[in-house]
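Subject: Model for you, with notes on its pockets

Hello,

Here is the structure I promised. Please open it first, then read the notes on pockets below.

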Amino acid sequence: MATDRQLEFNMEYERVLQRADVDHFNATQDLATLTAEVPTISAAWLTAFLADINNARNYPTDTSVKLNLADYTFDIGETMILARKALSVLGKRAQLAFADVEHRQRAFGNDTWDKAYDSQEKMQTALLVAHEVCEKAAYKPALLTEGMTQADIDELSDLADELRSRNTFQEEAKGERKVSTATRINLFNLVWRRRKRLSLAAQITWPDDAAKHEQYQLYPPAGAPVLTTVVVTVLVGGGAPLDNASVQSSAPLVAQPTNLEGKATFQSTDMPEILTFSVTPQGGGAAVAFPEQYAIVIGDVNEITLTMP
């Protein structure tokens, strides 16, 4: 039994999702037969399967988590640069304001600034100390006289707050990075376990049907062609499904009828990457052409909706 941090499959994440989509689609079509032999493969089970697929697909990738952390790190670096500049300006204004009183020039915590330049925590403290001294009546008027503004003084406190916030976000991002890989493994393992259950159920339901076994097998045979599914839903005005219509694709595929839900399904191991469609209503009326070109993801279940004019 794999632990929570071990993958239970040897396949790329995206490929697992593609095959899970196909499994879910096929099981939906075969549900009545599957349930008759394996009652736990039910409509509710398929709904939970789809939820597991979506949870795995929507979980942030390692790349996105790293980018978030990089963004926060960059923001902190930019804020540290502004903080160093603010303290440098204050130091020069203090030299002008208290040219004849050296200890007042260095009353803003100046002796700690060098060590603070590369430390977020020490920089926050340095900024707050400098701000507090700047606001004192014994210092503020002289600084303002030498051109320092209230905005410059306020900036010292604002930069300290900004560093504190950015540091919090950075630590949260680091924590997210630690748990993200383990969580993703768990989510994809859940999808894989459902695929394994479906594969076993297919072997029980169709013990002598090699084609069905292949349809639900976990790994494709080496060199096997990739099956692509296209589900076209045809709607009429108001969003009602159009049943018993004939849907023709631009590919050399046999036209498919729509069911009561207005859905027509095409499956092929030689599916083109671009398709257009036309729909002929029940009774043989004039075909309605849909000139829009639809990009098809090979090896996946592609869902397309057409609305009749």
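Helices here are DSSP runs of H or I with at least four residues, numbered from the N terminus. One caution: the model is predicted.

Largest pocket

The largest pocket holds about 500 Å³ of space. Its lining counts 19 residues. His 24, Phe 25, Thr 28, Val 231 and Glu 303 sit closest to the centre.

Which elements supply at least two residues each to this lining? There are two helices and three strands to look at: helix 1 (13-29), helix 3 (43-58), strand 1 (228-235), strand 4 (263-268) and strand 7 (301-307). Helix 1 gives the most, with five residues. By type, the lining of the largest pocket has eight polar, six charged and five nonpolar residues.

Second largest pocket

The second largest pocket has a volume of about 300 Å³. It is lined by 17 residues. Nearest its centre are Arg 19, Glu 214, Gln 215, Pro 225 and Leu 227.

Helix 1 and helix 10 (210-215) each supply at least two residues of this lining. Helix 1 again gives the most, with five residues. The lining of the second largest pocket divides into eight nonpolar, five polar and four charged residues.

To start, I would put helix 1 on screen: helix 1 gives the most to the lining of the largest pocket, and also the most to that of the second largest.

Best wishes

Notes: Residues are numbered from 1 along each chain as its sequence is written. This is a predicted model: local features need pLDDT of at least 70, side-chain atom pairs count only at pLDDT 80 or more; totals for chains, interfaces and linings use all residues. Side-chain values use heavy atoms; hydrogens and water are left out. On a 1 Å grid over the protein atoms alone, a cavity is a set of points where a 1.4 Å probe fits but cannot get out, and a pocket is an open set with protein on both sides within 12 Å along at least five of seven lines; lining residues have an atom within 4 Å of a point. Grid points are joined across faces, edges and corners, and a volume is the space filled by probe spheres set on the points. Ala, Val, Leu, Ile, Met, Phe, Trp, Tyr, Cys and Pro count as nonpolar, Asp, Glu, Lys and Arg as charged, and the others, Gly among them, as polar.
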